Amino acid sequence: MSARIVPVLLLSEGGLVKTVRFQKPRYVGDPINAVRIFNDKEVDEIAFLDIGASRVGAEPNYALLADIATEAFMPFGYGGGIRSLDQIKRLFALGVEKVILNSVLADDPDLVTRAADAAGSQSVVVSMDCRSSWLGRTSAWTHGGSRSLHRNPVDYAKEMERRGAGEILIHSIDRDGMMQGYDLEAINEISSAVSVPVIAAGGAGSLADLRSAIQAGASAAAAGSLFVFHGRHRAVLISYPSPEELESAVQ
Amino acid sequence: MISVLEYGSANIGSILNMIRRTGHEGVAVRTPEQVRAAQRLILPGVGAFDHGMRALADRGLLEPIREIADKRGVPVLGVCLGMQLLCDGSEEGSLPGLGLIPGRCRKFQSTPQQPVRIPHMGWSTITPRQAHPLLADLGPRSRFYFVHSYHVVCADPDHQLAIAEHGITFSAMIRREAVLGAQFHPEKSHRFGMAMLARFAEISA
């Protein structure tokens, strides 16, 4: 099976934004237009994260997500503002393939198990935002990088796998938007410790970076800036490598 | 015209949307009467085996599906869990399946010799075992999106229509007469799945 390359698209108030180190959201376009472009590019999979909903504790934008589900001819995952099994069931019913759980797990880690029981592990992704302290110790954070779980990411990933997570998304806060490469060490450590697929996110600046993440053990390499910006001055341009480019760069 | 069964076990929006994009007509159906009137039926489905069978049973849909598929040769395409429901049963549950294609669903196993990630989730190529209109557009770059932990083991290998690999070789598509199953999601497989749905729209009883 080929490794997946996944655009991570951040939603905020119905629009697409892109952050740097989880800060300074910049508007980059309309989500439905982006989905249509990514359809044409035959993208492997898309992940939508509503950073607005996470931050203010709002409900997921169901109307927008139903539109995305109808337009998307590829699988997509959604995270942001999810707090209950009822919300999760509603998201699956409207066509989200995978729910991505993060902040809610700080208070209710069992939600992973309930979601997996309801829909199967394959539909439940646990996302952990990782940040390194100045001592070089990495821990998992929630709530858009504002609250630490004080947990070692490897232990946390193993616990979440045991609870029923079908995939683990590792998001490096320090590397988000920097386009200087993934945290390959964390990717390697975590993907060796769990048997479910690992998605690497945070830091991709080139196709070579995507390949490095796969070589480090990730089953999927995710990227934001790489697919929404173009050139040194970061002009907004949604792009995605052609199947030929991907084949020579990643496989 | 393709009827797509809506029975609380999957969002059928993207299937309908993709059918329409091929230029054919797709319609959501929910009742036994609508199933009996279908010219072609897609049985979608995600989630657990017993949950899917119970949802069909609760809506009185088991007999109508068996009737059109077995007695009248109406083309039926099971997708993902929908394909598994066509069989006799699954390790995942205790309820009997529709029994339209002999076989049972087994869970993938990761072994030290052949370690695999479970679920099998992602894009894979498929290899035909029979010539069939649904496979007519398959090219070297054709790939399909799979998400499943269980796979169908056909009692009769002649019912295997296409295979794929995930540690072992498994049934990516199955077929007995006009009853068809696809383990992957054509509606989430770009133009490759779209070509397949277009072909299904042209198959007749």
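**Helix H6 of chain A and its surroundings**

Just after H6(A), A:Gly164 has a positive phi of about 125°. This is a predicted model.

Reader: Which residues of helix H6 are buried, and what makes them count as buried?

Author: Happy to explain! In H6 of chain A, residues 153-163, the buried ones are A:Pro153, A:Tyr156, A:Ala157, A:Met160 and A:Glu161. A residue is called buried if 20 or more other C-beta atoms lie within 10 Å of its own, so each of these five names meets that cut-off.

Reader: How do you know that the buried residues line one face of the helix?

Author: Looking down the axis of H6(A), they fall within an arc of 140°, so they line one face. A:Asp155 and A:Arg162 are exposed on the other side. The buried residues pack against helix H5, strands E7, E8 and E10, and helix H7 of chain A.

Reader: What does A:Ile168 touch?

Author: Leaving aside residues up to four places away in sequence, its contacts include A:Ala157, A:Met160 and A:Glu161. A:Ile168 is also among the residues touching the most other members of the largest nonpolar core, which has 146 residues.

Reader: How are H4(A) and H5(A) packed, and what is the handedness of their crossing?

Author: Their axes are 10 Å apart, at an angle of about 35°, and the crossing is right-handed. By class, this contact has 7 nonpolar, no polar and 2 charged residues.

Reader: Which residues are the charged ones?

Author: Lys and Arg count as charged, so they are A:Lys89 in H4(A) and A:Arg114 in H5(A).

Note on methods:
Residues are numbered from 1 along each chain as its sequence is written. Chains are lettered from A and ligands numbered from 1 in the order in which they are written. This is a predicted model: local features need pLDDT of at least 70, side-chain atom pairs count only at pLDDT 80 or more; totals for chains, interfaces and linings use all residues. A residue is buried if 20 or more other C-beta atoms lie within 10 Å of its own, exposed if 12 or fewer, and partly exposed in between; C-beta atoms are placed from the backbone. Helices (H or I, at least four residues) and strands (E, at least two) are DSSP runs, numbered from the N terminus. The arc is that of the directions from the helix axis to the C-beta atoms. Two residues are in contact if their C-beta atoms, placed from the backbone, lie within 7 Å. A nonpolar core is a set of buried Ala, Val, Leu, Ile, Met, Phe, Trp, Tyr and Cys residues joined through C-beta atoms within 7 Å. Axes are lines fitted to C-alpha atoms, for helices over the stretch in contact, and angles run from 0 to 180 degrees between N-to-C directions. A crossing is left-handed if the near helix is turned anticlockwise from the far one by less than a right angle, and right-handed if clockwise.
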